[in-house]
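Open your viewer and get ready to click from stop to stop. Each paragraph tells you what to select and what you should find there.

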Amino acid sequence: MHMIFIGVESTAHTFGVGVMNSQGEVLANVKDSYSSADGGMIPDKVAKHHEEVAERILAEAFRVAGIAWKDVNFIAYSAGPGLDPALWAGYRIVSAWASTEGKKLVGVNHCCAHLSIGKVWNKLDDPCYLYVSGVNTQIIVEERLSEGKYQIIGETLDIGLGNMLDKFGRILGLGFPAGAKIEELAKRGKYVELPYTVKGMDASFSGILTKADQLFKRGIASREDLCFSMQETSFAMLAEVVERAMAHTGKKELLLVGGVGANTRFCEMLDIMCAQRGARFFKVPMDLAGDQGAMIAWEGYLRRGSYGNISVKPHWRTDEV
Ligand code: ATP
Ligand code: FE2
């Protein structure tokens, strides 16, 4: 049966409403992100932002998709993981919509949504996932006998890669988020050695941050050289652990999801690694890579039989779904 449904994202900065159909087509994907001059994030202000923009974003999404409430089968929403006040704001908003319009709620996991939108967009069957965002750096596979049940087979031992880039960006005064600016500076840099820390299928990034901070403050290496070397070192570490994960699991497709996937050099290195081992590399288009509602809608479609109104789950891990 042909179905239309909406997804509402509100785990962090972004409030978004996506409209999708059961063929996996995105009919609308409208969002608005909270921002502040210093890049800081005051949780209560984020919640207030979401409440202020919600009706406008919904109306815009309906207009773009050319639908009305009567066409909507159910409302998916991001139940977690995320910031408590932002999640509760989103939950209050969707609860009100669901009761006024008489629609079913389907609470979903934000991280699983990043994975499933990448999978459907690329029409993949059984990829190895590399999920690299601000908070998360994980290598994930789906369990062979149960689709939608994920296993984390490698991850950061300390901070997420995006987090490391953003922290170094703060040291350099680049503003938040800093990943894209670091990528620009890196184009004019040359290599200096930074700690390369890989353990089995896990990696650690805090040593790179500490060393780069020291070299910068002592005036030993330039901003450009440090940005370049930080990228080369951390991307090579992840390419190494992912290659090991793929060899181990026999996966022939790699799918990169999360905001750091916007980095051209990172994609290039992963692409080369895959080509060398006879595997194929995939990523998601920019508008589906960061946080947005379409991915929540699709994850809700996949989970509509097993999840419903589950309130919020701020610390919900991918492998607990
Ligand atoms: P999560 O999905 O874990 O809740 P999130 O919402 O914090 O994460 P994303 O929007 O997926 O994260 O990713 C944000 C991160 O992507 C930031 O750390 C940012 O610096 C990084 N990033 C964005 N563009 C680039 C780029 N061109 N190169 C490297 N990193 C980038
Ligand atoms: Fe995200």
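The tour begins with a note on conventions, then goes from the metal site to the ligand, a helix and some loops.

This is a predicted model, in which local features need pLDDT of at least 70 and side-chain atom pairs count only at pLDDT 80 or more, while totals for chains, interfaces and linings use all residues. Residues are numbered from 1 along each chain as its sequence is written, chains are lettered from A and ligands numbered from 1 in the order in which they are written, and side-chain values use heavy atoms, with hydrogens and water left out.

**Stop 1: the iron ion**

Select ligand 2, the iron ion, and show its protein donors: His-110 through NE2, His-114 through NE2 and Asp-291 through OD, at 2.0 to 2.2 Å. Donors here are N, O and S atoms within 2.8 Å of the metal (3.2 Å for Na, K and Ca); water is not among the atoms, so sites may look incomplete. How is the arrangement of the four donor atoms around the iron ion classed? It is irregular, because the angles they subtend run from 90 to 164°. For comparison, four donors count as tetrahedral if all angles lie between 85 and 135 degrees; four count as square planar and six as octahedral if opposite donors are over 155 degrees apart and all others between 65 and 115; anything else is irregular.

Now colour the donor residues along the sequence, where their spacing reads H-x3-H-x176-D. His-110 sits in helix α3 (residues 110-121) and Asp-291 in the loop between α9 (286-289) and α10 (293-303), so this pair links distant parts of the chain, 181 residues apart. Helices (H or I, at least four residues) and strands (E, at least two) are DSSP runs, numbered from the N terminus. Switch on a surface and look for His-110: with 6% relative accessibility, this histidine counts as buried. The classes are buried for under 20% relative accessible area, exposed for over 50%, and partly exposed in between (1.4 Å probe, protein chains only).

**Stop 2: ligand 1**

Select ligand 1 next and display its surroundings, which comprise 21 residues. Tyr-131, Ser-133, Asn-136, Asp-166 and Asp-291 are the closest. A residue counts as near if one of its heavy atoms lies within 4 Å. Asp-291 is thus on both lists, as an iron donor and among the closest residues to ligand 1.

Polar contacts (pairs of N or O atoms within 3.5 Å; within protein, one must be able to donate a hydrogen and the other to accept it, and residues adjacent in sequence count only if both atoms are side-chain atoms) are worth drawing here. Try these three:

- His-114 places a polar side-chain atom 3.1 Å from an oxygen atom of ligand 1.
- Gly-162 has a polar backbone atom 3.3 Å from an oxygen atom of ligand 1.
- Val-260 brings a backbone N or O atom to 3.5 Å from an oxygen atom of ligand 1.

**Stop 3: helix α4**

Select residues 161-172, helix α4, and put a distance between its end C-alpha atoms: the 17 Å there agrees with the 16 Å expected for 12 residues at 1.5 Å each. The expected span is 1.5 Å times one less than the number of residues.

Which residues of α4 are buried? They are Leu-161, Gly-162, Met-164, Leu-165, Asp-166, Phe-168, Gly-169 and Leu-172. Their cover includes β6 (128-132), β7 (137-142), α5 (179-186), α6 (206-217) and α7 (223-249), with contact meaning heavy atoms within 4.5 Å. Step past the helix to Gly-173, where phi is positive, near 70°.

Keep going to Pro-177, in the loop between α4 and α5. The peptide bond leading into Pro-177 from Phe-176 is cis, with omega near -10°.

**Stop 4: more backbone details**

Jump to Pro-81, in the loop between β4 (74-80) and α2 (84-101); the bond from Gly-80 to Pro-81 is also cis, its omega near -5°.

Then select Lys-123, in the loop between α3 and β6. Although not a glycine, Lys-123 has a positive phi of about 55°, and its relative accessible area of 73% makes it exposed. Ser-311, in the segment after α10, is another non-glycine with positive phi, about 60°; at 23% relative accessibility, Ser-311 is partly exposed.

**Last stop: Ser-22**

Finish at Ser-22, in the loop between β2 (14-21) and β3 (26-33). Is Ser-22 buried or exposed? Its relative accessible area is 13%, so Ser-22 is buried. Follow its side chain to the backbone nitrogen of Met-3, 2.9 Å away.
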